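Hi,

Here is the structure I said I would pass on. Have a look at it first, and my notes on what turned up are underneath.

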Amino acid sequence: MWIAPGVVLAALGLGFAARGMLDLGPSLSPFPQPRHRAVLVRRGTFAYVRHPIYGGVIIAALGWALWRTSGLHLLLAAALAVYLDAKGRHEEILLLARYPDYATYRTRTKRLIPWIF
């Protein structure tokens, strides 16, 4: 019953995260601290959310949990969401310090999931 929606969510989440990586280009880093020559990206997926990679991973994890119809996977997806949200909040402190116009950008976009959160 939940398999088809789970597969769709997992695919959409992975696609959204991958597109976020491509949109970041050379500014992509696994660390919260922006790279030395990074620029503030506000196009592509970043026009809708500030952390599309984190949001895509959360959506994919939720899809996986539905696909597997597993309470444990759902619990792990929730824990991942809490962790990535906290990491995103920490990253935003660093981005505010680096890019003065980040505060304005932050008021116009959602944090993780387009039109929702």
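Glu92 and Arg50 join their side chains in a salt bridge, with N to O at 2.5 Å. The two partners come from distant parts of the chain: Glu92 sits in helix H3, Arg50 in the loop between H1 and H2, and 42 residues separate them. Both Glu92 and Arg50 are buried. The pair doesn't stand alone either, as Arg50, Glu92 and Arg106 are linked in a network of salt bridges. Bear in mind throughout that this is a predicted model.

How many salt bridges does the structure hold? The count is 6, and two others are worth pulling up on your screen.

One of them is Asp101 with Arg42, where the closest N and O atoms are 2.8 Å apart. This pair also ties together distant parts of the chain, since Asp101 is in the loop between H3 and H4 and Arg42 in the loop between H1 and H2, 59 residues apart. Asp101 has 33% relative accessibility, so it counts as partly exposed. Arg42 is partly exposed as well, at 38%.

The other is Arg89 with Asp85, with 3.1 Å between the closest N and O atoms. Here both residues lie in helix H3, 4 residues apart, which is about one turn of the helix. Is Asp85 buried or exposed? Asp85 is buried, with a relative accessible area of 14%, whereas Arg89 is partly exposed at 43%.

Now for the helix packing. Helix H2 (residues 52-68) packs with helix H3 (residues 71-98) at an angle of about 175 degrees, and their axes are 9 Å apart. The cut-off for roughly antiparallel is an angle over 145 degrees, so H2 is roughly antiparallel to H3. By class, the contact of these two helices has 12 nonpolar, 2 polar and 3 charged residues. On the H2 side you'll find Tyr54, Val57, Ile58, Ala61, Leu62, Trp64, Ala65 and Arg68. Facing them from H3 are His73, Leu74, Ala77, Leu80, Ala81, Leu84, Lys87, Gly88 and Glu91.

Last, the aromatics: the structure holds 3 aromatic pairs. One of them is Tyr48 with Trp115, whose ring centres are 5.6 Å apart. Their planes are at 55 degrees, so this pair is tilted. Tyr48 is in the loop between helix H1 (3-24) and H2, while Trp115 is in the segment after helix H4 (102-108), so that the pair links distant parts of the chain, 67 residues apart. Trp115 is exposed, with a relative accessible area of 71%, and Tyr48 counts as partly exposed at 45%.

Another aromatic pair is Trp64 with Trp67, with ring centres 5.1 Å apart. What is the arrangement of the rings of Trp64 and Trp67? The planes are at 75 degrees, so the pair is edge-to-face. Both residues are in helix H2, and because they are 3 residues apart, about one helical turn separates them. Trp64 counts as partly exposed at 39% relative accessibility, and so does Trp67 at 36%. Trp64 is also among the H2 residues that meet H3.

If you only have a minute, go to the linked salt bridges of Arg50, Glu92 and Arg106, then to the contact of H2 with H3.

Cheers

Key: Residues are numbered from 1 along each chain as its sequence is written. This is a predicted model: local features need pLDDT of at least 70, side-chain atom pairs count only at pLDDT 80 or more; totals for chains, interfaces and linings use all residues. Side-chain values use heavy atoms; hydrogens and water are left out. Axes are lines fitted to C-alpha atoms, for helices over the stretch in contact, and angles run from 0 to 180 degrees between N-to-C directions. Helices (H or I, at least four residues) and strands (E, at least two) are DSSP runs, numbered from the N terminus. Angles under 35 degrees count as roughly parallel, over 145 as roughly antiparallel, 65 to 115 as roughly perpendicular and the rest as oblique. Contact means heavy atoms within 4.5 Å. Ala, Val, Leu, Ile, Met, Phe, Trp, Tyr, Cys and Pro count as nonpolar, Asp, Glu, Lys and Arg as charged, and the others, Gly among them, as polar. Rings of Phe, Tyr and Trp (its six-membered ring) pair if their centres lie within 6.5 Å; planes under 30 degrees apart count as stacked, over 60 as edge-to-face and the rest as tilted. Buried means under 20% relative accessible area, exposed over 50%, partly exposed in between (1.4 Å probe, protein chains only). A salt bridge is a side-chain nitrogen of Lys or Arg within 4 Å of a carboxyl oxygen of Asp or Glu.
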